[in-house]
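The following exercises treat charge, salt bridges and overall dimensions in turn. Each task is followed by a worked solution.

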Amino acid sequence: MTDLAPDVVREKGPSREAGAAAASAAPAAEKPALLTRRWAQITAEVVVGVVAALGFTLLCTRIDVNPLNRIGQVSGLAKIQQYVTIIGLPLLAALLFTAYRGTLRRHRLTQRLVCSALAGLSTGVVAGGVVVALHGTPWPLGGQEGDPSVLVHMATGFLDDKGLPGVYPPGFPALIAFWAKYRYNGVGSEGFALHDLQIFFSALVGPMSYLAWRLLLRPFWALLIAIPAAVVFLDPIRPYSHVVMIILVPLLTAVLRELRRAGELPLRSALLRGTGFGVVFGLLFLWYSGWYLWSAPGIAVLTLFVFPWRQGRTAVRNGLGLLATTVVSAGIVGAPLLYQLAKVGADVPDRYGYIMTYTDPAYVMGWLSDRVGTTTYHEYPATGDLAGQTGFTLLLLAGVGLGIGLGLRNLAVRTAAAVLAGAWLMRFTFAGKMAQSGTVALYPRTTWIILYCLMILAVLGLMAAYHRGSGWLERVLRKDDAPAGTTVLSGRALRQLAAGLVCALALFGTMGASWSVNRYMPEHEKYGRMGLDAWRAHTIKKADGSCPTYAPVSDCAGIITKDWEPDKDDKKFVWCAGVATEDWLEVCGRRAPWDNGPQK
């Protein structure tokens, strides 16, 4: 019962669905069509999402504008919207046509494929916008500064056989090194490889999010989580990090589902499934590991409640086997990073402060990077009307209440609530020690996973309210003399409602994606906003020594090639980035290191 329209639709009297079902059931010996097979539908859903994302990104390479002036940027953004409209409208038309005129089987298949395509297009728009922002330069967002420079230096270390980059997840830097060697000229071209991978993985966030939730939910509900999550959390500078967070929650739910029904599985099947999940978790850990820390407390507690303690000896044995193989296989795959964490983890404290470090720690409805321009913690976040909370916050929390109140038996609700509770507790534990320890411990990053879990609970709350509400209406409106098996609510009407909501969600997706990528359009670094990362990419020489096509400077920077080295200058206090010298005492409780005078 996770679809907006029920799986089985019965209407009064004969219907087109009933006739079609009878006609399809008559020739039992006839071989079914290819797309009626489950594996074929799953394959088609995966392929459509990936092709939509990457194909749209490739289409955006045809946009030829100067991204260094605002008119060029607006023209590029408009062209992206033109493309996505031309592609998206026929998809939505097909969905609406089958909702109104098609058979139930045809509509379900169309809904699966259209939802997958829309998920791909949502982040294809973002990736296409990055293509426009970097038009004319081979360098990535960030150029040779900030986090991109660190990734490039880590990749150089791999090419120079310097080993793993400390406690940082090695998966993405290793892929940069591989692509630089395979596609370009090896050492010195890691930045060009990062340019390609930023675009490629930004495009894939949407379909990966959608397909992960399809493990648990029907297409509409999976899309209702996937598009907002992908658009809100996607950071094209580091597209590998947030996608792990987005898919980790449904994967954790999936393995807990297998654990709960371990007694129904043969032992061999439980062990194989545990091994498969463990390999996936291990690979994700090497890709980006931070979300495991925030998820661990809640999931550990929830696992104790989900474990089939009372289902008999077989269930307990299978459950222990599934857990053991999951943990062991994940540990084996993630062993390189686990070893580094055990070896030098305590010697790599996070002391970097930025605007989210200075804001109210109970605020989790939004996030700012250290590219904030003139915005300070005095203005951010904006104050709402009710105890400082905005209308969006109140609506979201209302949905969360529905999820917990009506859908607590849903394992996805329990998983999201457990992760949220654990991350919430760890957030305040780390933040509460910041003044004494002089370390931030990355606690602001819990903002993302907490907000994500709130969004999940709100969507699942709507789903629970729909199912409870439709069941209540059926009982209230059904007449006592109605034939058994008939329904009051028309299945076709529900499908039409679902199709209309998908259209609205598609419009949100394209508008939200355009908002997202607009922030990355090149903007002079003097403004200190997110556009400076694309601006920097246009100020570095190409491989032949010439400046990029639309370089805003006449003297471009040379290519920097060096191996990554750990920062050995531990300052023992929180480094307050983005704070003027005269404000250090007010914000950090001490004078800036470069400011002469006694330290408080």
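**Exercise 1. Determine how far apart the mean positions of the positive and negative charges of the protein chain are.**

Solution. Step one is to assign the charges: Lys and Arg count as positive, Asp and Glu as negative, while His and the chain ends are not counted. Step two is to place each charge, at NZ of Lys, CZ of Arg, CG of Asp or CD of Glu. Step three gives the result for this predicted model: the 55 positive and 39 negative charges have mean positions 12 Å apart.

Two conventions apply throughout. Residues are numbered from 1 along each chain as its sequence is written. In this predicted model, local features need pLDDT of at least 70 and side-chain atom pairs count only at pLDDT 80 or more, whereas totals for chains, interfaces and linings use all residues; side-chain values use heavy atoms, without hydrogens and water.

**Exercise 2. Count the salt bridges and describe the one formed by Arg214.**

Solution. The criterion is a side-chain nitrogen of Lys or Arg within 4 Å of a carboxyl oxygen of Asp or Glu. Its application yields eleven salt bridges. Arg214 pairs with Glu45, and their closest N and O atoms are 2.7 Å apart. Because Arg214 lies in the loop between α7 (190–213) and α8 (219–233) and Glu45 in helix α2 (residues 38–59), this pair ties together parts 169 residues apart in sequence. Helices here are DSSP runs (H or I, at least four residues), as are strands (E, at least two), numbered from the N terminus. Both Arg214 and Glu45 are buried, that is, under 20% relative accessible area, with exposed meaning over 50% and partly exposed in between (1.4 Å probe, protein chains only).

**Exercise 3. Classify the burial of Arg261, Glu258 and Asp370, and identify the network that contains Glu45.**

Solution. Arg261 and Glu258 form a salt bridge with closest N and O atoms 3.3 Å apart. Arg261, at 28% relative accessibility, is partly exposed; Glu258, at 6%, is buried. In the salt bridge of Arg371 with Asp370 the corresponding separation is 3.2 Å, and Asp370 is partly exposed at 35%. Shared salt-bridge partners join Glu45, Arg112 and Arg214 into one network.

**Exercise 4. Compare the radius of gyration of the protein chain with that of a compact globule.**

Solution. The radius is taken over C-alpha atoms, and the globule rule is 2.2 Å times the number of residues to the power 0.38. For 600 residues a compact globule would have a value near 25 Å; the chain has 26 Å, which agrees. The C-alpha atoms fill a box of roughly 90 × 60 × 55 Å along the principal axes. Buried residues make up 48% of the 600.
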